[in-house]
Amino acid sequence: LVGRDAEVARLGTVVEDFGAGRGQAFLIVGEPGIGKTRMLAELRSLLPDGVAWLEGQCLSYGGLPSWPFVEILRRWLDVEGGDAEVVVQTRARARLVPLLGENPDDAGALANLGRLLGIQSEPHVTADPGETRRAYVAWVAALAREAPVVLAIEDLHWAHASTRELADDLLDL
């Protein structure tokens, strides 16, 4: 990071604020190739152990609805796009049920998050983008109750409308 002393110092301040419990929205902006991704990697390296790092990237062609958030959830669950539905469903239940509570199906949270992962929803749960966004926010909020969370989204200028809506909901959190 040659010549980036001021930016690295600012990242240090962000990390200090974060450690003191002062969350914030932090944007790294600039022209392509200027080193935004490298600055994000530097931020990650400055964070203490135990911080949940959630990172996704918007696709240059506008991408799929909510793509970076799907990517984030998949990484957290340690599943890939080509994994069998039963594998995804098993890992989702194993990690989400303890985090969200004894019976997250009552609120439809598991089914709504599963919809993002490509899990066939249960017949009694109606597809509602608003409910899916609320379930995602509930998941991030539950993570934040357990440990500090950094949610990093790269190339937000390419975001699909549903990605921007969910990002707005998460900013409210």
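Student: How many of the 11 residues of helix H3 are buried?
Tutor: Buried means under 20% relative accessible area, exposed over 50%, and partly exposed in between (1.4 Å probe, protein chains only). Helices (H or I, at least four residues) and strands (E, at least two) are DSSP runs, numbered from the N terminus. H3 is largely enclosed by the rest of the structure, because its buried residues number 10 of the 11.

Student: From which number are residues counted along each chain?
Tutor: This is a predicted model: local features need pLDDT of at least 70, side-chain atom pairs count only at pLDDT 80 or more, and totals for chains, interfaces and linings use all residues. Side-chain values use heavy atoms, leaving out hydrogens and water, and residues are numbered along each chain, as its sequence is written, from 1.

Student: Which elements are included in what covers the buried residues of H3?
Tutor: The buried residues of H3 include Trp67, Phe69, Ile72 and Trp76. Contact means heavy atoms within 4.5 Å. The cover includes strand E1 (52–57), H4, H5, H6, E2 and H7.

Student: Which residue follows H3?
Tutor: The place to look is the loop between H3 and H4. The residue there is exposed, because its relative accessibility is 56%. Its phi is positive, near 60 degrees, and its name is Asp78.

Student: Is Ser66 buried or exposed?
Tutor: Ser66 sits in the loop between E1 and H3. Most residues other than glycine have a negative phi. Ser66 is not a glycine, yet its phi is positive, at about 60 degrees. With a relative accessibility of 9%, Ser66 counts as buried.

Student: How far does H4 reach from its first C-alpha to its last?
Tutor: Helix H4 covers residues 85–100, which makes 16 residues. The expected span of a helix is 1.5 Å times one less than its number of residues. For H4 that gives 22 Å, and the model comes close to this with 21 Å.

Student: Where is the kink in H4 centred?
Tutor: The bend at a residue is the angle between axes fitted to the seven residues ending there and the seven starting there. In H4 the kink is about 25 degrees, centred on Arg93.

Student: Which elements do the buried residues of H4 pack against?
Tutor: Val88, Ala92, Leu96 and Leu99 are buried in H4. An α-helix has 3.6 residues a turn, so residues three or four places apart point the same way. The buried residues of H4 pack against H3, H5 and H6.

Student: What is the volume of the largest pocket?
Tutor: On a 1 Å grid over the protein atoms alone, a cavity is a set of points where a 1.4 Å probe fits but cannot get out, and a pocket is an open set with protein on both sides within 12 Å along at least five of seven lines; lining residues have an atom within 4 Å of a point. Grid points are joined across faces, edges and corners, and a volume is the space filled by probe spheres set on the points. For the largest pocket, the volume is about 1500 Å³.

Student: Which element gives the most to the lining of the largest pocket?
Tutor: Of its 42 lining residues, Gln24, Ala25, Phe26, Leu151 and Ala152 are closest to the centre. Helices H1 (5–19), H2 (36–46), H6 (129–146) and H7 (161–172) are among the elements giving two or more residues. The top giver, with 6 residues, is E2.

Student: How many residues in the lining of the largest pocket are charged?
Tutor: Ala, Val, Leu, Ile, Met, Phe, Trp, Tyr, Cys and Pro count as nonpolar, Asp, Glu, Lys and Arg as charged, and the others, Gly among them, as polar. This lining has 30 nonpolar and 8 polar residues, and the charged ones number 4.

Student: Which residues are closest to the centre of the second largest pocket?
Tutor: This pocket holds about 250 Å³ of space. Its lining has 8 nonpolar, 3 polar and 5 charged residues. H3, H5, H6 and H7 each supply at least two. Of the 16 lining residues, the closest to the centre are Pro65, Ser66, Leu116, Thr132 and Ser162.

Student: What distance separates the C-alpha atoms of Pro32 and Gly101?
Tutor: Pro32 is in the loop between H1 and H2. Gly101 follows H4. The two residues are 69 apart along the chain, and their C-alpha atoms are separated by 42 Å.
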